[in-house]
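Visitor: Hello! I am new to reading structures, and I would like some help with the one shown here.
Guide: Happy to help; let us look together.

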Amino acid sequence: MCGIVGYIGKRNVVDVLIKGLETLEYRGYDSAGIAVNSDNEIKVYKKIGKLINLKNLLEEKKNEINNVTMGIGHIRWATHGGATDINAHPHTCTCGKLVVVHNGIIENFKELKEDLIKKGCVFRSQTDTETIAHLFAHEYGKTHDLTLAVKKGLEQIKGAYAICVMHKDEPDKIIASRKNAPLVIGVGEGENFIGSDIPAFIEYTKKAIYLEDGEIAVVKENSLEFFDANLNKIEKKIEQLPWEPVALSKLGFKHFMLKEIHEQPDVIRNVLNGKLFDIDEPIVLDEVKIDKESLKNLNRIEIIACGTSLHAAMVGKFLIEDFTGIAVDVEASSEYIYRKTVTNDKTLVIGVSQSGETADTITAIRQAKDKGAHVLIITNRPDSSMARYADSLIPVSAGIEISVAATKSYTAQVLSFYLLAIKLAEIKGTLSPEYMKNLKHELIQVPVKIEEILNNKEQIKKVAKKFANFRNFIFIARGINLPTALEGALKLKEISYINATGYSAGELKHGPIAMLDETMPVLSIMIPGGVTYDKILSNSEEAKARNARLIALTSSKDENLKDIFEDVITIPEIPEMLSPIVANVPCQLLAYYIAEFLGKDVDQPRNLAKSVTVE
Ligand code: M6R
């Protein structure tokens, strides 16, 4: 989605802005722009399409960009008004002296716009953001104080925003503020930075200050001041960022997605580190504030998430119900927020989100909190908005994920659910010590098993090459691997645009079977040793009888499978209960190689955004 960067200091401002925007590109966008204070004028450069178009424009105009003291930049993912040069940010007021970049949505922009037009403002774009520029300029006309004008303007705005504002007549400062959209200040020496996410400035400083909703920052070269929404001065804490800039590099891999798939064994070791010490020791989840008493008071659990996180949530439901007997519902956040839910103070609500900034999930979590639920957040970003609402927290520690298609964060989320489900079972005493020891032992083995899959990629590449030109794809599974099938299909459609769908294998004959013929590959995820293997095998035979092209993903060594399946992707042996965390990896690789064979933009698929900050 949209990204913001701001800089004031002695470096080459245009370079800092462009580099910052490059680090945010992974979020998905359709236009880009910057505004600089150059020769004491506000100059705006913006272009539809990828950053290269903006860079070319800046190259053309380089002679007119001199003596630059500060600037703001933006990448836009269109919401109000199509992707065009004019709708790209930054936006200026009528006289061009005040300029703004904005992430989020202004809900009352139509009313504000009508009023501002009556007052003589001339609008050029179709965006909600331009309203902010005119509104602030109108307030500036009354006060000639940019900080006050922003405060007065923000009081009239309804919706979500992260903004940066500059004014020609106050060339020493950038004003920044946020509400329901992230914004972070990067603290430097003799320079300061603003970013909608940390990568925007991590190359220059590892000190940051997170703005809270409604707060206003006045960012100058040599000072930072913070105010609450009423302009009372406040003190803010400087946080030390744990990230190294190297986390943002591909480290020799062709795409971030491939790098992130390969990071999974280490991610698992990292997640387990400090949480699972030994098979005889209880699981340690420091920030989960649930004990025997509070668990007694619980009558159900609701897990809310979107997309890939929703699939991790489905694995979580399976595990928690199996290990503890507590009833669990899983729901897409976008559905949860528009109905009368039965959430109350006896409900544990678990929000799952890689980014911690997904608007639907944030709204759902807020609603759940208002109803008195205990909110547990599972996120890869403990610095996110969602984490701030958490009564309990599980940071999934997957490291920054750049590729839009979630891979390592999914694995870390699924693993977090294993740890949580075992923890709840420990508190409730619902599993035998032997069974728990075995689970923990198997979890510790998982990284090595994934390494084995990564060392044996050729089998997956071969299948990918063979099926890359099919227009449809079906993934089937049952039980705990149904989410693996859904996630496998989501990954494939996200990055290759193939119409891939995941079904419960048992549901195939209730409708989808009608689609089967020789143009339809069907990938069956079947793990022996549990209750589903034989059933999925029969369902696969039914598909074969309709001429579907069958692929098996299995740990079975049964040679007879070659008579039924055209291709067999083999994974290491693993108990069915633990298998989703391993079986997902070949699906990620299959999606990756198919997209790669098709020449798709793997890391930044069309129309998608890494973090969906609008409902
Ligand atoms: O940051 P979140 O986990 O809340 O994001 C939810 C979805 O938008 C996300 O999982 C999306 O489906 C990804 N593109 C999956 O690859």
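Visitor: Which element gives the most to the shell around the ligand?
Guide: First, a note of care: this is a predicted model. To read a shell, we ask which residues have a heavy atom within 4 Å of the ligand. Here the helix H9 gives the most, with three residues. H9 spans 307-324, and it is joined by helix H16 (482-496) as an element that gives two or more residues to this shell.

Visitor: Which residues of the shell come nearest to the ligand?
Guide: There are 14 residues around the ligand, and the nearest are Ser 309, Ser 353, Ser 355, Thr 358 and Glu 494. By kind, the shell holds five nonpolar, seven polar and two charged residues.

Visitor: And how do I read a polar contact?
Guide: Look for a pair of N or O atoms within 3.5 Å. The side chain of Ser 353 places an N or O atom 2.6 Å from an oxygen atom of the ligand. With Gln 354, a backbone N or O atom is 2.7 Å from a ligand oxygen. Lys 491 has a polar side-chain atom 2.8 Å from an oxygen atom of the ligand.

Visitor: How much of the ligand does the protein bury?
Guide: Compare the ligand alone with the ligand in place. Alone, the ligand exposes 410 Å², and the protein buries 92% of that. The ligand sits in the second largest pocket.

Visitor: Into which domains is the protein divided?
Guide: The division gives domain 1 (3-247), domain 2 (249-452) and domain 3 (458-597). Taken over C-alpha atoms, the centres of domain 1 and domain 3 are 46 Å apart.

How values were computed:
Residues numbered from 1 in each chain as written. Predicted model: local features only at pLDDT ≥ 70, side-chain atom pairs only at ≥ 80, totals over all residues. Heavy atoms only, no water. Domains from an automatic or database assignment. Polar contact = N/O pair within 3.5 Å; in protein donor to acceptor, adjacent residues only side chain to side chain. Areas by Shrake-Rupley, 256 points an atom, 1.4 Å probe, with all protein chains shown as cover. 1 Å grid on protein atoms, 1.4 Å probe; cavity = no way out; pocket = protein on both sides within 12 Å on 5 of 7 lines; lining within 4 Å. Sits in = over half its atoms within 2 Å of the grid points. Helix = DSSP H or I, 4+ residues; strand = E, 2+ residues; numbered from the N terminus. Nonpolar A, V, L, I, M, F, W, Y, C, P; charged D, E, K, R; others polar.
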